[in-house]
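Please look over the structure below before reading the numbered points, which are meant for someone who has not met it before.

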Amino acid sequence: MQKRSNFKWLLRAALCLAVCLICAFSASAKGTAQTDSLLAKVQLPKVLGDGKFQIGDVEFNHLLIPRYVIEQYDDSDYAVYPGETDDHVTEVKRYLFSNDNFPKNEYVTYTQVRPPKADGESREWIETYFDEHLATLLRTLYLFCGLEDKEPCIDELTRYLLDCLPQASLEMRWDIEAVYKYTLVKEGNWGTVGRDGTLDHLYYFAQTDPDWAREQFDFYKNDPDFPNGVTIQDRGCGCACASMVFSAYHMVEITPRITANYADAGSWHVSYGLPNEYFQGIARYYYSFEKERYGTELLGPKILSKDEVNMETLADQIGNKGYLAIIHVKSGAFTSQEHYMVLADYREIDGKGYFLVADPYMQSSRYGSRDQLLAVEGSTNDGLIYATADLLYRDCKSLILFEQDRNDFPLYCRTSKPESGWLN
Amino acid sequence: MAKQKMTVRRFLKRNALYLFAVVAILLLIGVVVFGVLLVRELRKPVQQPETVQQTQQVEQETPQTPEETELPAPEPEIQSPGWQADGSFVAPFDGTTTFLVGQSLALTYDPEALKLTENGGVYTLLSTGGGSTPRMDMQQMLSSLDRLSDEELDRLAAGVLQAYYYVAPKTEDIVLSAVERTENTYYAHLDAPAYENAPAMEADFRLIQAGGQLWYAMVLLPEGADTAAFQQAFDNLMFR
């Protein structure tokens, strides 16, 4: 009895002493919050530095976050890096993709997220994947915040900076977005993201994409000749090609769903091909689609009959001048009827010249022959293939040529001075 | 059995195991606390001063009025600068004195060289010749010196300097030296590296507890600039 009471007394004394020590020790840990609250009240003018940085010849303004605020996040409980999958990536992508948060920005695109069409539908793996576009966006954000040395990752500091974005001015948000897109173009990483997370390095949309393949064109819905209707997969090659080209020149994702709606609205009947005037009409419609945001404009295309096409000239225009073309082909190597495809690039491989063809019907196994065709090495996109000029000219019916450099993305500053960007 | 008298020796013998357990726990806690404090000390970028900075006292002399008298004129009384017994204030040098904190904090400066402005509670000395630096700024902080640890004071010094920057250097890159703390004051000299279009910068920082309020004063000392008047005003801040 005596022993037990002694033990209890000693144990209580030790525990009390331990608690006192821990309290004394942890009291000093609260110091950071105290100093931060005092520093938040410091009202001093900015007289050191100028809040600007340079990209090429263009001067941009920083988004100002106080250093003591940044250093609050020095020890993050988590960090997710490019190439990894994580719920934090999903949260960030959904946050950036949401029109509620950023109705006038495209920080994250459709192909980076692949949102379900209806509530309750399962979401895709790509939404959890930290792709290279997201890494480039974060690098750009860090640059604007004066953190150019930070490696792109999703951690507490990055989440805080992203939370600061909505309260930045629209001009600042557009500056960040424009520099991000400009960087993608300069690094050759622009374009869509494949379902497996790999970059397409161009804007690629398939008429066979399950997201819209089954969607029908309105003007065939009551056509007795087509009791099952006509879907984008059936006849949407022209719309998919228009999507690829317009997305490239405006640097935003314009899906075949949108260009098909235009075909319906303008009654451009898609039979086994659209009338070529469809492309001129839709180009006019989207001429200044992103002029306010990016300063881009899309000029109307030139429509060339087969006789007017010189493949050597075309190779130079597409390979060296950055033009894009939509080729209208008849029955042959690529189709048994008629088909539209995009000529996205031209390069020499093993001493032989090839056009990079973006075929919106993603099923290369249907090509009758592999003669004069070459697989795109390193690409998992089944809609991309190299084809010789001779083969393309043989099957060519006409060409819709866009005489603009697809790599010419304008870079200029919209803000007049640095902005305070932190959540006070 | 007769109850044995509990001696110290018997107590120790009976409870040896429990005592051992308690001592072991206390030792473990002590080791952990010591280890953390040691790591903190090693990470501290503060360079401790070798000598204590002395505040210079300037004696103010009253001018003699030239008069013809038969008897020699009496020696002028030399008064120490600061608040006098009769409540008057003797400035540390010939200049303009502004009082803050209800006469508890005195800022004296040379009006030929510097001009004083106030904006939103921040008192600023700038050169009469123009320019945003060198400069001295003073502002109240809503705290008191005795509530702040040495580490927090160092952090405040760096943080106030960082507040001048559009994009500030990291705290770990700002070197504090000649740090001195008394019951009512804190002083540090700061060296910041060149960073993001801003040149390297030196600064002096002081916290003063006066009249129940805590005030900071920071003077920016850009290299090559004439900072004598600013340094004079900063060094001669007086309080009671």
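**Notes on domains and cores**

1. In chain B, the centres of domain 1 and domain 2, taken over C-alpha atoms, are separated by 45 Å. Domain 1 covers 10-43 and domain 2 covers 82-239, with bounds that come from an automatic or database domain assignment.

2. This is a predicted model, in which local features need pLDDT of at least 70 and side-chain atom pairs count only at pLDDT 80 or more, while totals for chains, interfaces and linings use all residues. Residues are numbered from 1 along each chain as its sequence is written, and chains are lettered from A in the order in which they are written.

3. The largest nonpolar core (a set of buried Ala, Val, Leu, Ile, Met, Phe, Trp, Tyr and Cys residues joined through C-beta atoms within 7 Å) has 64 residues, and those touching the most other members are Cys241(A), Met244(A), Val245(A), Ala325(A), Val342(A) and Phe355(A). Helix α10 of chain A, residues 237-250, gives the most to this core, with ten residues; helices are DSSP runs (H or I, at least four residues), as are strands (E, at least two), numbered from the N terminus.

4. A second, separate core of 56 residues includes Tyr68(A) as well as Ala106(B), Ala168(B) and Leu176(B).

5. Tyr186(B) lies in strand β9 of chain B, residues 185-192, and is buried because 22 other C-beta atoms are within 10 Å, where buried requires 20 or more, exposed 12 or fewer, and partly exposed falls in between, with C-beta atoms placed from the backbone.
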